[in-house]
Number of protein chains: 2
Amino acid sequence: MPNAFRFAVLDTDSAARIGELQTPHGVVQTPAFMPVGTQGSVKAMRHRDLEDAGAQILLGNTYHLYLRPGDALIARRGGLHRFIGWPHPILTDSGGYQVFSLAERRKIDERGAEFRSHLDGSVHMLSPETAVDIQARLGSDIAMVLDECLAYPASRDETVASMQRSVRWAARCRLRFDSIRDGAGTEVGATNSGQAQFGIVQGGVYQDLRDQSAAETMAIGFEGYAIGGLSVGEPLDLMYSVVSETARRLPEHQPRYLMGAGTPRDLVECVARGIDMFDCVLPTRNARNGQLFTSRGRINIKNARYAEDESPLDPSCGCYTCRTHSAYLRHLYLAGEMTAGVLNTLHNLTFYLDTMRRIREAISLRTFDKFRQEFLRSASRLSPDS
Amino acid sequence: MPNAFRFAVLDTDSAARIGELQTPHGVVQTPAFMPVGTQGSVKAMRHRDLEDAGAQILLGNTYHLYLRPGDALIARRGGLHRFIGWPHPILTDSGGYQVFSLAERRKIDERGAEFRSHLDGSVHMLSPETAVDIQARLGSDIAMVLDECLAYPASRDETVASMQRSVRWAARCRLRFDSIRDGAGTEVGATNSGQAQFGIVQGGVYQDLRDQSAAETMAIGFEGYAIGGLSVGEPLDLMYSVVSETARRLPEHQPRYLMGAGTPRDLVECVARGIDMFDCVLPTRNARNGQLFTSRGRINIKNARYAEDESPLDPSCGCYTCRTHSAYLRHLYLAGEMTAGVLNTLHNLTFYLDTMRRIREAISLRTFDKFRQEFLRSASRLSPDS
């Protein structure tokens with residue numbers, strides 16, 4: 001079990017690559033998109049809907065699950081997979097991002113982050129060590145280190161200080177992770193002896209700081225590496241350039257995960273720059289707000305042109321929503337029906353996961369660049385009219 | 001097509017009966033429960049979820065669909081079945097109940113009900129004739145006459161006056177329905193030439209008024225008969241007695257529909273009294289509020305005892321929810337996840353539709369009374385602890 005985690009690059013096309021991520025709960029084909037199951041549930045979806053859409057791995061939020069229902073309860077139930085009934089791979093974040101964005105009255109120092117729960121105001125401490133322990137109890141297949149999340153823009157000095165703290169925290173996270181793997185697991189209540197841990201490269205938009213963060217994080221040594229702190233408001237070309245330059249410094253034979261991105265275009269552009277894994281709330285959140293991603297661009301279902309449209313939302317899509325409905329979708333959305341959220345989410349996730357499938361296919365056929373050009377001309381447009 | 005509607009009683013066990021309702025969109029086995037698709041959607045469900053749960057017929061609300069997206073738009077799209085993508089039978093109510101309960105500043109006189117939309121305050125008139133026309137455009141398989149809905153309690157005088165108006169309105173509804181069937185359909189924009197129309201027996205809890213209403217409504221002549229104005233707050237034994245006495249006066253070879261009922265107990269008790277069709281928001285609404293109907297009684301998923309429960313919600317249930325999850329359901333509900341509504345609704349509808357299936361089986365085996373006794377001891381309890 002401790003060696004259950006493996007990653008192999010199977011094929012490349014320029015910087016783009018396809019791979020296989022072996023975890024204690026099965027294989028993930030990369031490049032992969034991970035639907036976000038914030039509180040242990042991808043909003044409006046049942047697990048079988050996710051399986052139908054082609055999801056191979058989910059992301060769970062440590063902050064939310066720690067507060068409710070609690071990592072101790074989940075551990076008693078045998079871990080997150082068993083508790084939520086999802087037998088496939090799960091990645092958990094460290095909880096840091098939510099502490100920085102959601103929690104009230106947070107106080108951050110070298111020890112970690114003290115915060116008040118957004119649910120009941122109770123006081124909690126998230127340290128590098130507790131972030132590891134909580135994730136050990138959740139038993140995800142991939143755990144993330146606790147890092148400091150910086151808002152954009154941030155000065156160079158702020159970024160240096162924050163990046164250096166993140167590196168120190170990463171070292172503490174790895175130390176704790178190793179001690180759990182080497183025997184402290186029982187005492188902590190770990191539920192997945194094959195759990196892997198990913199480090200996170202920070203450094204904002206300063207490439208030399210990114211390089212330094214990458215080198216120091218790699219020196220600690222993790223099963224995989226994420227690029228954090230992007231897609232937070234910086235210009236797109238800056239983000240792509242940081243991804244590009246950072247990804248090429250990461251170990252060739254280990255997985256690379258771009259956190260919190262992105263749009264369909266981001267997926268394609270960042271696969272082109274060597275990224276293997278993505279997560280983003282965009283397909284699920286936008287679905288609930290009536291914005292749909294299609295092979296012809298983004299659609300706003302509120303638009304009057306869809307009131308009597310008889311054609312499927314996306315003629316290229318094989319999802320249940322596109323196979324079954326057209327004008328009905330606008331009605332459901334305007335009427336505030338929950339089923340709108342269900343049907344729209346199913347479509348958007350299918351589109352994202354299909355896109356990953358097509359990306360993998362194009363890489364294996366060495367036609368990725370052609371696919372990318374074509375994709376940028378169609379599916380990544382902001383509107384089919386534009 | 002005009003003769004596509006047929007009903008046959010296939011077997012009886014005392015007053016309980018099984019039958020087959022033939023409609024232009026397929027067969028419904030009775031006794032049947034109709035999930036309520038208020039705005040053309042059973043909340044949180046996709047149509048294939050309803051099919052999986054065993055739904056053979058849906059109920060749509062004329063008031064809601066008339067206001068949004070509008071019966072004219074639905075007719076242009078070929079009728080309600082095509083618009084919502086449900087190829088199976090649909091029954092529509094007349095819109096009267098919602099005008100009485102939802103609309104603002106309604107004014108009722110002999111012509112009909114003038115009201116303001118609860119959506120935008122616009123003024124509309126629902127008359128017996130427009131209620132028929134709207135349903136003709138929606139193209140449901142079964143249309144209901146417009147009746148006056150009386151609150152409970154109501155005096156005998158009020159009830160007499162209201163019942164007599166309902167009979168006069170029923171006659172106007174049938175006249176309009178016949179003229180559409182005999183040629184005015186094209187002009188009206190009717191979308192289902194095989195539509196049937198049911199009359200509604202009123203009369204409150206006064207059995208002699210019920211008898212009079214039944215006789216006069218039957219004299220007009222409809223394809224089926226509903227009992228309206230019950231399950232509005234009257235004592236249970238009074239409701240059961242009115243159902244019993246009214247049902248036996250209705251034509252033996254035509255379908256009998258008890259409107260707006262009810263609890264699992266109501267289903268069983270009213271089948272025992274000769275009812276063939278039911279509709280109620282209880283399974284769907286209560287699911288969203290965390291109340292689940294099971295073979296052992298009602299469960300409130302908020303209850304702390306379900307926090308770490310490893311057994312299925314209902315061990316006798318084969319639905320996806322019961323097969324896949326247990327303690328997770330309480331977490332989803334408390335966390336306010338949409339998926340809670342999806343999973344709970346799926347279970348409650350499966351329970352209701354399974355109950356109807358078991359009722360039909362028991363009648364065909366002539367063991368209905370035994371089934372009923374057993375059911376009252378278990379599934380119809382208010383709590384598994386009581």
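User: Before we look at the interior, what is a nonpolar core?

Analyst: A nonpolar core is a set of buried Ala, Val, Leu, Ile, Met, Phe, Trp, Tyr and Cys residues that are joined through side-chain atoms within 4.5 Å. In soluble globular proteins, nonpolar side chains tend to be buried together. The model here is a predicted one, and its largest nonpolar core has 224 residues.

User: Which residues have the most contacts inside that largest core?

Analyst: They are Y257, L258 and F368 of chain A together with Y257, L258 and F368 of chain B. Leaving aside residues up to four places away in sequence, F368(A) touches D13(A), A16(A), V268(A), V271(A), A272(A), I359(A), A362(A) and I363(A).

User: How are the two copies, chain A and chain B, related?

Analyst: A turn of 180° with a shift of 0.0 Å along the axis lays chain B on chain A with an RMSD of 0.0 Å, and the two copies are thus related as by a two-fold rotation axis. The copies meet through the same surface, because 100% of the interface residues of chain B are also interface residues in chain A.

User: How should I read the strand order of the open sheet in chain B?

Analyst: Strands of a sheet pair through backbone hydrogen bonds, either parallel or antiparallel. In chain B, nine strands form an open sheet in the order β4-β15-β14-β13-β12-β11-β7-β6-β5, and the pairing is parallel. The edge strands of chain B, β4 (32–34) and β5 (36–37), each pair on one side only. Helix α14 (residues 338–364) of chain B packs on this sheet, where the helix touches β4 and β15 of chain B, and its direction makes about 155° with that of β4(B). Within the sheet, two bridges join β14 (residues 256–258) to β15 (residues 277–279) of chain B, and Y257(B) stands opposite M277(B) in β15(B).

User: Why does C173(A) form no disulfide?

Analyst: The closest cysteine sulfur, in C149(A), is 12 Å from the sulfur of C173(A), which is too far for a bond. Likewise, the sulfur of C270(A) is 11 Å from that of C280(A), again too far for a bond. A search of the whole structure finds zero disulfides over all chains.

User: Where does the backbone take unusual values?

Analyst: Most residues other than glycine have a negative phi, and most peptide bonds are trans. The peptide bond from A261(A) to G262(A), however, is cis, with omega near 5°, and G262(A) lies in the loop between β14 (256–258) and α10 (264–271) of chain A. A44(B), which is not a glycine, has a positive phi of about 75° and is buried, with a relative accessible area of 0%.

Terms used
Residues numbered from 1 in each chain as written. Chains lettered and ligands numbered in written order. Predicted model: local features only at pLDDT ≥ 70, side-chain atom pairs only at ≥ 80, totals over all residues. Heavy atoms only, no water. Buried < 20%, exposed > 50% of the residue type's maximum accessible area, 1.4 Å probe, protein only. Contact = heavy atoms within 4.5 Å. Disulfide = S-S within 2.5 Å. Least-squares fit on C-alpha atoms with pLDDT ≥ 70 in both. Pairing = 2+ DSSP bridges. Helix = DSSP H or I, 4+ residues; strand = E, 2+ residues; numbered from the N terminus. Axes fitted to C-alpha atoms, helices over the stretch in contact; angles between N-to-C directions.
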